Every structure is written in C-alpha cells, then in structure tokens.
Amino acid sequence: FFFNSTIKMVKAKKGSVKFVIDCTAPVEDKVLDVASFEKYLQDRIKVDGKTGGLAGSGVTISRDRTKLTISAPSDIQFPKRQLKYLSKRYLKKQQLRDYLRVIAASKNSYELRYFAISGGDDEDKEE
C-alpha cells in the first residue's frame, strides 16, 4: 500500500501547469505597473481555499517586462478562471476596468487589451 501511494505522488509532481497574463499594451503605455499587479496576485491567489499559501504549495509567479507567468504543479487544482477574476478585480481597484478587458488569448493565457472605442463619428451625425 505504501509503495503504490509514493508512485502516484511522483507521477503527479512531474507535470506543471503554466498560465501567462500578457500585459503588453497597458505596460507600454505606462498605464499598468506589472510589479504591483504581481504583488496583488501573490497576496490574493487562493490555493486549497486559503490565501497566502503560494510558497508551500509550489505555485510560483514570475514576471518579465510585460508578462506574468503563474506555474502550478499539476496535482493542485488551480483554476485559470481565478486569474481572470483577480485580474478584473485589480483593474477595478486601479480604476482601469473601464478601459481594459481580460481576454483569453489561448488555452493557458490571458491578455489585457483596450476596449475598441469608435472614433465618435456617430455622435456628430446625431447633432
């Protein structure tokens, strides 16, 4: 019995799931600070229903100039949806929610994009 359980643990620890949040557009416009966004995520991400347990669970957050990479061991149930929720809350807190939106760019990544705003031609025609 003991032997079988150790084999399962070893198999589970091999893989890891990576999620990327691409903040290129707002960072280049100096609207968003990636360092404060990373700190926000580190404080707020929940693992097993509790915040602040990132280090003990093996979840790591790394950043380069415009991207945040969150990697979690595959044996932990880590939902991608939580990252979208926390990203939206961060944007709301920074009062950027009216200008930026969180879009799933691929299966394992999100991207912060500006809303497509028309040039205001419609308003001129109505007057």
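These legends describe close-up views of a predicted model.

**View 1. The whole chain holds six helices and seven strands.** The predicted protein has 127 residues, of which 33% count as buried. From the N terminus on, its elements run α-β-α-α-β-β-α-β-β-α-β-β-α. Contacts across the sequence are a feature of this fold: of those with a separation of 6 or more, 58% link residues 24 or more positions apart. The views below take up single elements and single residues.

**View 2. Helix α5 spans residues 80-93.** The helix has 14 residues, and its end C-alpha atoms are 20 Å apart. That agrees with the span of 20 Å that should follow from 1.5 Å a residue. Which residues of α5 are buried? They are K80, Q82, L83, K84, L86, S87, Y90 and L91. Several elements cover these buried residues, including the helix α3 (34-44). Strands take part too, among them β1 (16-22), β2 (46-47) and β5 (67-73). The cover also includes β6 (100-106) and β7 (109-114). Just after α5, Q95 takes a positive phi of about 60°.

**View 3. Strands β4 and β5 form a hairpin.** Three residues connect the two strands. Strand β4 covers residues 60-63 and runs antiparallel to β5. Four bridges join the pair. Look for I61: its bridge partner in β5 is I70.

**View 4. Strand β7 pairs with both β6 and β1.** With β6, the pairing is antiparallel and has six bridges. The two strands form a hairpin, with two residues between them. Within this pairing, R101 stands opposite R113 of β7. With β1, the pairing is parallel and has three bridges. Here V20 stands opposite S109 of β7.

**View 5. V17 sits in strand β1.** Is V17 buried or partly exposed? Its relative accessibility is 30%, so V17 counts as partly exposed. Leaving out residues up to four places away in sequence, V17 touches I70, S71, A72 and S74. Take A72 from that list. V17 and A72 are 55 residues apart in sequence, yet their C-alpha atoms are 5.3 Å apart in space.

**View 6. D22 is a buried residue without a salt bridge.** D22 belongs to strand β1. How far away is the nearest side chain of opposite charge? That side chain is K67, at 4.7 Å. A salt bridge needs a nitrogen-to-oxygen distance within 4 Å, so this pair does not count. D22 does have a polar partner: its side chain makes a polar contact with the side chain of T24, at 2.4 Å. Beyond its neighbours within four places in sequence, D22 is in contact with T66, K67, Y110, E111 and L112.

**View 7. E38 and R63 form one of three salt bridges.** Side chains of opposite charge can pair when their charged atoms come close. In this pair, the distance from N to O is 2.4 Å. E38 lies in helix α3 and R63 in strand β4, so the bridge ties together parts that are 25 residues apart in sequence. Are the two partners buried or partly exposed? E38 is buried, with a relative accessible area of 11%. R63 is partly exposed, with a relative accessible area of 47%.

**View 8. D43 and K39 meet in a salt bridge within helix α3.** The N to O distance is 2.9 Å. The two residues are four places apart in α3, so about one helical turn separates them. An α-helix has 3.6 residues a turn, so residues three or four places apart point the same way. D43 counts as partly exposed, at 36% relative accessibility. K39 is partly exposed too, with a relative accessible area of 47%.

**View 9. E111 and R113 meet in a salt bridge.** Their side chains come to 3.2 Å, N to O. E111 counts as partly exposed, at 21% relative accessibility. R113 counts as partly exposed, at 37%. Both residues appear in earlier views: E111 is in contact with D22, and R113 stands opposite R101.

Definitions and conventions. Residues are numbered from 1 along each chain as its sequence is written. This is a predicted model: local features need pLDDT of at least 70, side-chain atom pairs count only at pLDDT 80 or more; totals for chains, interfaces and linings use all residues. Side-chain values use heavy atoms; hydrogens and water are left out. The expected span of a helix is 1.5 Å times one less than its number of residues. Buried means under 20% relative accessible area, exposed over 50%, partly exposed in between (1.4 Å probe, protein chains only). Contact means heavy atoms within 4.5 Å. Two strands pair if DSSP finds at least two bridges between them. Lys and Arg count as positive and Asp and Glu as negative; His and the chain ends are not counted. A polar contact is a pair of N or O atoms within 3.5 Å; within protein, one must be able to donate a hydrogen and the other to accept it, and residues adjacent in sequence count only if both atoms are side-chain atoms.
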